[in-house]
Amino acid sequence: MNMDFTNKVVVITGAEGGIGEAMVRQFAEAGAKVAICELKCKGELEKELTAAGKEVKSFSFDVSKKAEALEAMKQIAETFGRIDVLINNAGINVGPDERKTVEHFSDAWWDAILRVDLDGVFNCSKAAIPYMTGENVSILNTSSITGMVPLRNQCAFASAKAGVINLSKAMALELAPKGIRVNVIAPGTIGIEVTNKLWQDNKAMEGLLSHIPMARQGKPSEIANAALFLSSEMATYITGAVLPVDGGWTCGGFARNF
Ligand SMILES: NC(=O)c1ccc[n+]([C@@H]2O[C@H](COP(=O)([O-])OP(=O)(O)OC[C@H]3O[C@@H](n4cnc5c(N)ncnc54)[C@H](O)[C@@H]3O)[C@@H](O)[C@H]2O)c1
């Protein structure tokens with residue numbers, strides 16, 4: 001029983017930035033063969049990790065396009081022989097200027113977010129499942145605490161990420177007989193380039209942190225730690241679970257004492 005991924009094939013989407021990159025690094029460190037999947041791979045991560053003796057390869061495709069997802073999973077399975085872990089981590093959301101109430105929310109952003117954040121999980125899962133025939137195989141989907149409890153002014157993200165949670169539970173039910181586990185990580189606010197910009201002024205950051213019992217943002221590596229655990233031999237009886245990794249944000253407490 002351990003967190004060793006030697007000879008395991010791990011596919012990670014949205015894998016060259018923020019949380020995905022941290023996942024790539026940690027799975028590669030744990031011995032996995034990693035498919036680094038990105039909309040348009042720059043290839044630097046592959047180069048760096050290959051030079052360090054890790055077995056990784058980049059695959060560029062758009063998760064929102066069914067045909068591209070099908071072709072990519074086929075290529076990955078041909079390259080590495082099979083797929084043991086699929087991590088649907090690619091996602092988009094509106095930036096600070098586009099955060100608007102539903103009657104003003106952009107139709108284009110609504111469509112784009114649903115296509116990438118929800119359809120992307122369906123497309124990649126459907127395409128990967130035929131290659132997931134080994135022992136302790138699993139799908140892990142990155143939702144958000146916004147998929148559990150909506151935040152204002154980001155209705156598309158809230159809807160797509162809630163959809164990811166129920167899609168994951170539906171898949172957990174259907175795929176258990178095939179031996180495929182399906183779980184969800186729901187990050188709170190994680191310090192990456194975009195969120196750092198969003199909370200850059202002290203007042204905004206103070207307001208944000210007042211809602212978080214642990215009073216800090218999470219690190220991408222803290223999401224990757226949870227991903228390793230849920231995909232590992234330590235989690236063989238866990239399926240259909242939603243794990244918030246949020247410093248206690250969704251405990252339901254209020255920002256002030258009464
Ligand atoms: N950072 C946070 O605070 C936070 C909070 C909750 C949920 N999340 C979720 O975590 C996941 C990772 O996000 P992140 O914070 O690392 O942000 P990020 O922007 O660094 O990562 C998202 C990645 O998805 C890729 N991507 C976007 N559209 C794509 C497409 N059509 N096809 C393939 N790849 C595509 C991007 O290129 C990017 O590398 C996302 O699903 C996001 O919604 C993040």
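N153, in this predicted model, counts as partly exposed, with 16 C-beta neighbours inside 10 Å. The residue lies in the loop between β5 and α5, and its phi is positive, at about 70°, although N153 is not a glycine. A positive phi is also found at N136, a residue other than glycine whose value is near 45°; N136 belongs to the loop between α4 and β5 and is partly exposed, with 15 other C-beta atoms within 10 Å. G31, placed just after α1, takes a positive phi of about 100°. The three residues are set out below.

| Residue | Location | Phi |
|---|---|---|
| G31 | just after α1 | about 100° |
| N136 | loop between α4 and β5 | near 45° |
| N153 | loop between β5 and α5 | about 70° |

Helix α1, which G31 follows, covers residues 18-29 and has 12 residues, reaching 17 Å from its first C-alpha to its last, close to the 16 Å expected at 1.5 Å a residue. The helix is mostly covered, since 11 of its 12 residues are buried; among them are the charged residues E21 and R25, together with I19, M23, V24 and F27.

Helix α4, residues 107-128, has 22 residues, which at 1.5 Å a residue should span 32 Å, and the 30 Å between its end C-alpha atoms agrees with that expectation. The helix nevertheless contains a kink of about 45°, centred on D119. The residues on either side of D119 in the sequence, L118 and G120, are buried, as are others in α4 including W109, I113, V116 and V121. What covers the buried residues of α4 includes the strands β1 (9-13), β4 (85-88) and β5 (137-142), as well as the helices α3 (66-80) and α5 (155-175).

Two packed helices are described by the angle between their axes and the distance between the axes. For α3 and α4, the axes come within 8 Å and cross at roughly 35°, and the crossing is right-handed. In this contact, K66, A69, L70 and M73 of α3 meet N123, C124, A127 and A128 of α4; these residues divide into six nonpolar, one polar and one charged. An α-helix has 3.6 residues a turn, so residues three or four places apart point the same way. On the α4 side, N123, C124, A127 and A128 are also among the buried residues of the helix.

Terms used
Residues numbered from 1 in each chain as written. Predicted model: local features only at pLDDT ≥ 70, side-chain atom pairs only at ≥ 80, totals over all residues. Helix = DSSP H or I, 4+ residues; strand = E, 2+ residues; numbered from the N terminus. Expected span 1.5 Å × (residues − 1). Bend = angle between axes of the 7 residues up to and from the residue. Buried ≥ 20, exposed ≤ 12 C-beta atoms within 10 Å, placed from the backbone. Contact = placed C-beta atoms within 7 Å. Axes fitted to C-alpha atoms, helices over the stretch in contact; angles between N-to-C directions. Left-handed = near helix turned anticlockwise from the far one by under 90°.
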